[in-house]
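The following exercises concern the structure shown below. Each consists of a task and a solution that proceeds step by step.

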Amino acid sequence: MLKTILFTVLIVAISIALFSVKILFTKNGKFPNTHVSGNKALRRKGIGCVQSQDREARQTNPHAIVERMPNGKEQENN
């Protein structure tokens, strides 16, 4: 059982080392931007991140018309 755990830890350590080779050994090495907004092809198609689209949808419209209620109070459109 101990041999299996040590073997698994060794494989995971080797995998992490191999994944980080580009980051560690290149000048200005950094992780790639895997976010949807970082993909040029998706931006050209107008596809964006769900969080960004939700943030834009939640912003209040400065051109919204204020509606009047029957009791004389005003209610904003959201």
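**Exercise 1. Identify the salt bridge and describe its setting.**

*Solution.* The model is a predicted one. Step 1: a search of the whole structure returns one salt bridge. Step 2: its partners are Asp 54 and Arg 58, whose closest N and O atoms lie 2.9 Å apart; the criterion requires such a pair to be within 4 Å. Step 3: both residues belong to helix H4 (residues 50–58), where a spacing of four residues separates them by about one helical turn. Step 4: Asp 54 has 36% relative accessibility and counts as partly exposed, whereas Arg 58, at 64%, counts as exposed.

**Exercise 2. State the order of the secondary-structure elements and assess whether the fold is spread out or a compact globule.**

*Solution.* Step 1: the protein contains four helices and two strands. Step 2: read from the N terminus, the elements follow the order α-α-α-α-β-β. Step 3: the radius of gyration is 26 Å, well over the 12 Å that the globule rule gives for 78 residues, so the protein is more spread out than a compact globule. Step 4: the C-alpha trace spans about 80 × 35 × 20 Å along its principal axes. Step 5: 3% of the 78 residues count as buried, a class that requires under 20% relative accessible area.

**Exercise 3. Locate the nonpolar surface patch and assign its residues to helices.**

*Solution.* Step 1: the protein exposes about 7,900 Å², of which carbon and sulfur atoms supply 60%. Step 2: a nonpolar patch of about 860 Å² is made by Phe 7, Leu 10, Ile 11, Ile 14, Leu 18, Val 21, Leu 24 and Phe 25. Step 3: helix H1 (2–19) and helix H2 (21–25) each supply at least two of the patch residues. Step 4: H1 gives the largest share, five residues. Step 5: Val 21 lies in helix H2 and is partly exposed, with a relative accessible area of 36%; this value passes the patch threshold of over 30%.

**Exercise 4. Describe the distribution of charge.**

*Solution.* Step 1: the protein carries 12 positive and 5 negative charges, and the mean positions of the two sets are 25 Å apart. Step 2: Lys 40, Arg 43, Arg 44 and Lys 45 form a positive surface patch. Step 3: one of these residues, Arg 44, is found in helix H3 (residues 40–44). Step 4: Arg 44 counts as exposed because its relative accessibility is 70%, the cut-off for that class being over 50%.

Conventions. Residues numbered from 1 in each chain as written. Predicted model: local features only at pLDDT ≥ 70, side-chain atom pairs only at ≥ 80, totals over all residues. Heavy atoms only, no water. Salt bridge = Lys/Arg side-chain N within 4 Å of Asp/Glu carboxyl O. Buried < 20%, exposed > 50% of the residue type's maximum accessible area, 1.4 Å probe, protein only. Patch = residues over 30% accessible without salt bridge, like charges linked within 9 Å, V, L, I, M, F, W, Y side chains within 5 Å. Areas by Shrake-Rupley, 256 points an atom, 1.4 Å probe, with all protein chains shown as cover. Lys, Arg positive; Asp, Glu negative; His and termini not counted. Charge placed at Lys NZ, Arg CZ, Asp CG, Glu CD. Rg over C-alpha atoms; globule rule 2.2 N^0.38 Å.
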